[in-house]
Amino acid sequence: MLYGSFIIIIFLLLSLPFHFMESIDPEVLNRISTNAILNIFFFLIFIFFAFSFFGFYELTIPSSWINAIDSKSNSVGGFIGVFFMALTLVLVSFSCTGPILGSLLVGTITSQGGAFQLSMGMLGFSVALALPFTLFAFFPKMLSSLPKSGRWMNTFKIILGFFELGFALKFLSNADLVQHWGILKREIYIGIWIIISFLLFLYLLGTYKFPHESSKLKRNKLNISLSLLFLCFAIYLLPGLMPNGSNSARLVSGFIPPSFYSVYGSKTECPLNLNCFKDFESGLDYAKKNDKPILLDFTGWACINCRRVEENVWTDPKVYDLINNNFVLISLYVDDRKKLDLN
């Protein structure tokens, strides 16, 4: 139990610096999540992790570090020795856990949850990792029933690699939206996700293999079922490529760019083609002249929750009509880096 507890404590300690960052400056993680340069860096990190899962290279801790820590666990007894045993496990398993932890780290510090969400993620991950070791220590005979590492583990890592590629696009999209580059429009984003899903579908059918693999994946019921799942997801996304596909793919709203950020153009640069103002003073003047109340929408280009509200709540006909006919919508993008014209 002590061994398992130390594994959990080590992972939780990794999240502590981010709590200090928040206490010094509460807005620091928000600035990290909306900074274009950092989002491009996170995009490259996810691509790096993806190719690690694909088997092109392996992330490892230097063996000298592992040997030094392992020698401590042997030479020091008591609780301290058990701690170094747990630390050795954490370091040895880094080649598998590193990309997952890196993704968790980047994903949580760039979300609204901040350091607390990161700690909860680390807690969940470390409990899942420590629990088998603790249980098998109590019931060693269960070890014989464990599945052997092999092809299934490699397949699982490659599936995670494709997931990493898909999530990487979100960070590139954040930078693109905040800086108004116009590179990764909604349909282009969806199109790349469709390609990723279709490639995963073909891989699970055993159509191709990666260079480090000795043979193609065998077709069995599980692989075929998983492949059909990703094919269905690709088909589900297809309407999003059409000119009238702005209300499609609601299941992934928030991850894909807003409907007005389209290659086909838009009547307005406002959610759902509503009539909106992006300048408070202009909106206030219009509201006074037309004797209408203001709906002040504090939103953000990189805000997942904002997109989900727009595409899952505002699309309700009653809600849409209220906003469109009864209110003056003023959308203030708090993460917009474009300088205001103060003249």
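Here are four short exercises on the predicted model above, each with a worked solution.

Residues are numbered from 1 along each chain as its sequence is written. Because this is a predicted model, local features need pLDDT of at least 70 and side-chain atom pairs count only at pLDDT 80 or more, while totals for chains, interfaces and linings use all residues; side-chain values use heavy atoms, with hydrogens and water left out.

**Exercise 1. The sheet**

Work out in what order the three strands lie and which of them stand at the edges.

Solution. Start with the terms: helices (H or I, at least four residues) and strands (E, at least two) are DSSP runs numbered from the N terminus, and two strands pair if DSSP finds at least two bridges between them.
- The order is β1-β3-β2, in an open sheet with parallel pairing.
- β1 (276-277) and β2 (294-299) each have a single partner strand, so they are the edges, and one side of each lacks a neighbour in the sheet.
- Between β2 and β3 (residues 328-333) there are six bridges, and Asp297 lies opposite Ser331 of β3.
- Helix α13 (residues 304-312) packs on this sheet and touches both β2 and β3, where touching, or contact, means heavy atoms within 4.5 Å.
- The direction of α13 makes about 140° with that of β2; axes are lines fitted to C-alpha atoms, for helices over the stretch in contact, and angles run from 0 to 180 degrees between N-to-C directions.

**Exercise 2. Two helix lengths**

Check the spans of α6 and α4 against the expected rise per residue.

Solution. The expected span is 1.5 Å times one less than the number of residues.
- Helix α6 (residues 78-92) has 15 residues and should span 21 Å; its end C-alpha atoms are 22 Å apart, which agrees.
- Helix α4 (residues 36-53) has 18 residues and should span 26 Å, and the separation of its end C-alpha atoms is 26 Å, in agreement.

**Exercise 3. Surroundings of α4**

Find the buried residues of α4, and describe what lies at its start and just after it.

Solution. Buried means under 20% relative accessible area, exposed over 50%, and partly exposed in between (1.4 Å probe, protein chains only).
- The buried residues of α4 include Phe42, Phe43, Phe46, Phe49 and Phe53.
- At the start, a side-chain oxygen of Asn35 comes to within 3.0 Å of the backbone nitrogen of Ile37.
- Gly55 follows α4 and has a positive phi, near 90°.

**Exercise 4. The disulfides**

Count the disulfides, then assign the handedness of each and say whether its cysteines are buried or exposed.

Solution. A disulfide is a pair of cysteine sulfur atoms within 2.5 Å.
- The count by this rule is two, and the pattern is 1-2, 3-4, with bonded cysteines counted along the chain.
- Cys270 and Cys276 have sulfur atoms 1.9 Å apart; the S-S torsion is about -85°, so this disulfide is left-handed. Both Cys270 and Cys276 are buried.
- Cys303 and Cys306 have sulfur atoms 2.3 Å apart; the S-S torsion is about 80°, so this disulfide is right-handed. Cys303 is buried at 13% relative accessibility, and Cys306 is buried at 15%.
- Cys306 belongs to helix α13 and, not counting residues up to four places away in sequence, touches Phe298, Thr299 and Gly300.

Key
A polar contact is a pair of N or O atoms within 3.5 Å; within protein, one must be able to donate a hydrogen and the other to accept it, and residues adjacent in sequence count only if both atoms are side-chain atoms.
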